[in-house]
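Work through these exercises with the structure open. Try each task before reading its solution.

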Amino acid sequence: MGSHTHEVTDAIIDTLKRAGSALKAEGVRFALAGGCAAYARGAAPSLHDVDFVLVEEDVPRALETLRGHGFRTARPPEDWLVKAFDEEDRLVDLIFRIEERPITAEMISRADMINTAALSLPVLDATDLVISWIMPMSEHSCDYGSILPQVRALREQVNWDRVAEVVSVSPYASTFLTLLDRLGVACPKPPPEPPDTRWP
């Protein structure tokens, strides 16, 4: 089982490097997100696909770039992302909207250049990364346990007050912060009145 997990991780990282280097060379505004971003920031690997966030107007150029590097692309029914698949059918999600909020150039500019598997890539700011995980939580998708290890690993990189301000509009995300507080992972202060919920 461990060997299989290692092989999957290596394969996903290979796909990440191919897609990321292509987008970087083309000058597409993007940042690594999801589990790969957590891994780049020091969390234990738990990789199933590659997630990038990007500005919506750059989507056509991103798709064209990846097709030029052997990826098959698709536009799913969801209106917040597009997809690309390498020759082994490993998935790259290109996300341009999270919870009805468009990815902005400002959000991309907050990304940090981090050496990820011998390739320097823009990696989503840790605070934005945590927000991107918990803002979409709802009664139909509220698996705290699946992201707790990653959030715990990033806790010292996160501005928890900022997270609390942004997610205060969501009872599910706010409740997750209460859990993190009780576990000693995060201790955000109460948001100001009225809360600053602007994000990205």
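**Exercise 1.** Find how helix α5 passes helix α7: left-handed or right-handed? Then list the residues that make the contact.

*Solution.*
1. In this predicted model, α5 passes α7 in a right-handed crossing.
2. Locate the two helices: α5 covers residues 126-134 and α7 covers residues 160-167.
3. Their axes lie 10 Å apart, at an angle of about 35°.
4. On the α5 side, the contact residues are Thr127, Val130, Ile131 and Ile134. On the α7 side, they are Trp160, Arg162, Val163, Val166 and Val167.
5. Sort them by class: 7 are nonpolar, 1 is polar and 1 is charged.

**Exercise 2.** Classify the aromatic pairs of the structure.

*Solution.*
1. Count them: there are 2.
2. Take Phe30 and Phe52. Their ring centres are 5.2 Å apart, with 80° between the planes. An angle over 60 degrees counts as edge-to-face, so this pair is edge-to-face.
3. Place the rings: Phe30 sits in strand β1 (residues 30-33) and Phe52 in strand β2 (residues 50-54), 22 residues apart. Both Phe30 and Phe52 are buried.
4. Now take Tyr144 and Phe176. The centres are 4.9 Å apart and the planes are at 40°. This pair is tilted.
5. Tyr144 belongs to helix α6 (residues 144-154), and Phe176 to helix α8 (residues 171-182). They are 32 residues apart. Tyr144 and Phe176 are buried too.

**Exercise 3.** Describe the whole protein: how many helices and strands does it have, and what share of its residues is buried?

*Solution.*
1. The protein has 8 helices and 9 strands.
2. Of its 200 residues, 49% are buried.

How values were computed. Residues numbered from 1 in each chain as written. Predicted model: local features only at pLDDT ≥ 70, side-chain atom pairs only at ≥ 80, totals over all residues. Heavy atoms only, no water. Helix = DSSP H or I, 4+ residues; strand = E, 2+ residues; numbered from the N terminus. Buried < 20%, exposed > 50% of the residue type's maximum accessible area, 1.4 Å probe, protein only. Axes fitted to C-alpha atoms, helices over the stretch in contact; angles between N-to-C directions. Left-handed = near helix turned anticlockwise from the far one by under 90°. Contact = heavy atoms within 4.5 Å. Nonpolar A, V, L, I, M, F, W, Y, C, P; charged D, E, K, R; others polar. Phe/Tyr/Trp six-rings, centres within 6.5 Å; stacked < 30°, edge-to-face > 60°.
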